[in-house]
Amino acid sequence: MRTTQQLVYGAGLGLRRSFLSEIIDHPAEQVDFFEVAPENWMNIGGKLGKQFRAMTERYPFICHGLSLSIGSTDPLDLAFVHNLKHFMLQHGIKFYSEHLSYCSQQGHLYDLMPMPFTGEAVKHTAQRIRQVQDILEQKIAIENISYYAAPGQELPEIEFFNAVVAEADCDVLLDINNIYVNSVNHGYDAEAFLRAIPAERISYAHIAGHFVEADDFLIDTHGATVIDPVWDLLGKAYRLYGVFPTLLERDFNLPPLADLLEEVAIIAQIQQASRVSQVA
């Protein structure tokens with residue numbers, strides 16, 4: 001089965017409708033690839049549909065899912081997966097990533113809920129990931145999410161995450177900000193978590209900002225600029241595993257496009273510095 005690794009490269013940006021026209025009129029040299037939530041684009045026609053097509057013809061794209069609810073006990077939404085496959089083929093989208101979470105329980109919950117870190121949940125979720133991969137005929141990348149409670153926890157977060165990706169034989173979307181946020185909220189060593197990730201499965205990474213509710217309580221909002229400790233953690237990840245594609249996520253409090261591109265440029269600068277240090 002085709003892996004998701006090496007299908008994009010460099011520094012990426014999550015595409016938002018608010019700056020779609022601007023980036024078509026003024027293509028961003030800083031951006032090597034884009035990511036979209038397929039739920040927001042699969043059934044779009046008209047001007048927006050044509051603009052999206054213009055973008056997918058110009059840049060490599062990744063789909064990052066919001067609603068598949070891969071860990072739910074609800075039936076898997078196979079119609080969505082088949083529509084997703086058609087959408088990805090239509091636009092030449094490289095691969096699909098999803099959160100290790102659930103967002104439905106006999107109806108949508110409109111939030112990404114944490115999985116119970118249990119052996120039973122490992123087997124249940126891995127089976128559903130394999131089913132999606134079989135339909136898409138391609139591995140998908142699963143993201144380590146931020147969480148604020150761990151009900152029924154039997155396994156440490158990293159052991160649960162690694163068990164799921166091994167059992168499913170899927171790839172990894174490494175969210176650097178989520179590691180940082182969770183390390184503060186749950187009092188663990190972010191670098192130790194990073195060192196335990198199955199590096200050979202990393203397909204790309206996310207980096208984002210968060211809200212500081214208190215010194216020991218951070219909220220993963222994707223609504224602020226990336227802070228220095230998170231940039232530092234990204235640099236440590238590159239030093240551990242080599243440079244991998246990395247995308248800036250910004251979903252709320254969107255600044256001008258120029259500001260987003262400055263952060264994308266920082267990703268590229270850290271990547272280049274890491275390459276130089278690895279050669280030296």
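These legends go with several close-up views of a predicted model.

**View 1. The main nonpolar core, centred on its best-connected residues.** The largest nonpolar core takes in 76 residues. Those with the most contacts inside this core are Leu 13, Leu 15, Phe 34, Phe 61, Tyr 96, Leu 174 and Ile 176. Helix α4 (residues 119-136) supplies the largest share of the core, with 7 residues. Apart from this one there is another core, made of 8 residues, including Ile 62, Ala 141, Leu 173 and Leu 247.

**View 2. Phe 34 and what its atoms touch.** Leaving aside residues up to four places away in sequence, who are the neighbours that Phe 34 touches? Leu 13 and Leu 15 are on the list, and so are Ile 23 and Met 55. Tyr 59, Pro 60, Phe 61 and Ile 62 make up a run of partners, and Leu 247 completes the set. Phe 34, Leu 13, Leu 15 and Phe 61 also appear among the residues with the most contacts inside the largest core.

**View 3. A salt bridge between Asp 251 and Arg 16.** A search of the whole structure turns up 7 salt bridges, and here the side chains of Asp 251 and Arg 16 meet at 2.3 Å, N to O. The two partners come from distant parts of the chain, 235 residues apart. Asp 251 belongs to the loop between β12 (246-248) and α9 (257-279), while Arg 16 belongs to the loop between β1 (11-14) and α1 (20-25). Buried or exposed, where does Arg 16 fall? Arg 16 counts as buried, because its relative accessibility is 18% and the cut-off for buried is under 20%. Asp 251 is partly exposed, at a relative accessible area of 30%.

**View 4. Arg 53 on helix α2, with Glu 57 and His 91 as partners.** Arg 53 and Glu 57 form a salt bridge whose closest N and O atoms are 3.3 Å apart. Both residues sit in helix α2 (residues 46-58), 4 residues apart, or about one turn of the helix. Glu 57 is exposed, with 59% relative accessible area, whereas Arg 53 is partly exposed at 33%. His 91, in helix α3 (residues 78-91), also reaches Arg 53, through a side-chain polar contact of 3.5 Å. A polar contact of 3.1 Å joins the side chains of His 91 and Thr 56. Not counting residues up to four places away in sequence, His 91 touches Phe 52, Arg 53 and Thr 56. With a relative accessibility of 10%, His 91 counts as buried.

**View 5. Lys 139, Asp 169 and Arg 201 in a salt-bridge network.** Lys 139 pairs with Asp 169 in a salt bridge, with 3.2 Å between the closest N and O atoms. Lys 139 is in the loop between α4 and β7 (141-143), and Asp 169 is in the loop between α5 (157-168) and β8 (171-175), so the pair ties together parts that are 30 residues apart in sequence. Lys 139 is buried, with a relative accessible area of 14%, and Asp 169 counts as partly exposed at 36%. Arg 201 is linked with these two in the network of salt bridges.

**View 6. Helices α8 and α9 packed against each other.** At what angle do helix α8 (residues 228-241) and α9 pack? The angle is about 35 degrees, and the axes lie 10 Å apart. The crossing of α8 past α9 is right-handed. On the α8 side, the contact is made by Trp 231, Leu 234, Gly 235, Tyr 238 and Arg 239. From α9 come Glu 263, Ile 266, Ile 267, Ile 270, Gln 271, Ser 274 and Gln 278.

**View 7. Positive phi at Glu 137 and Asn 253.** Most residues other than glycine have a negative phi. Glu 137, though, has a phi near 60 degrees, a positive value. Phi of Asn 253 is also positive, near 50 degrees. Glu 137 is found in the loop between α4 and β7, and Asn 253 in the loop between β12 and α9. Glu 137 is exposed, with a relative accessible area of 54%, and Asn 253 counts as exposed at 59% relative accessibility.

Definitions and conventions. Residues numbered from 1 in each chain as written. Predicted model: local features only at pLDDT ≥ 70, side-chain atom pairs only at ≥ 80, totals over all residues. Heavy atoms only, no water. Core = buried A, V, L, I, M, F, W, Y, C linked by side-chain atoms within 4.5 Å. Buried < 20%, exposed > 50% of the residue type's maximum accessible area, 1.4 Å probe, protein only. Helix = DSSP H or I, 4+ residues; strand = E, 2+ residues; numbered from the N terminus. Contact = heavy atoms within 4.5 Å. Salt bridge = Lys/Arg side-chain N within 4 Å of Asp/Glu carboxyl O. Polar contact = N/O pair within 3.5 Å; in protein donor to acceptor, adjacent residues only side chain to side chain. Axes fitted to C-alpha atoms, helices over the stretch in contact; angles between N-to-C directions. Left-handed = near helix turned anticlockwise from the far one by under 90°.
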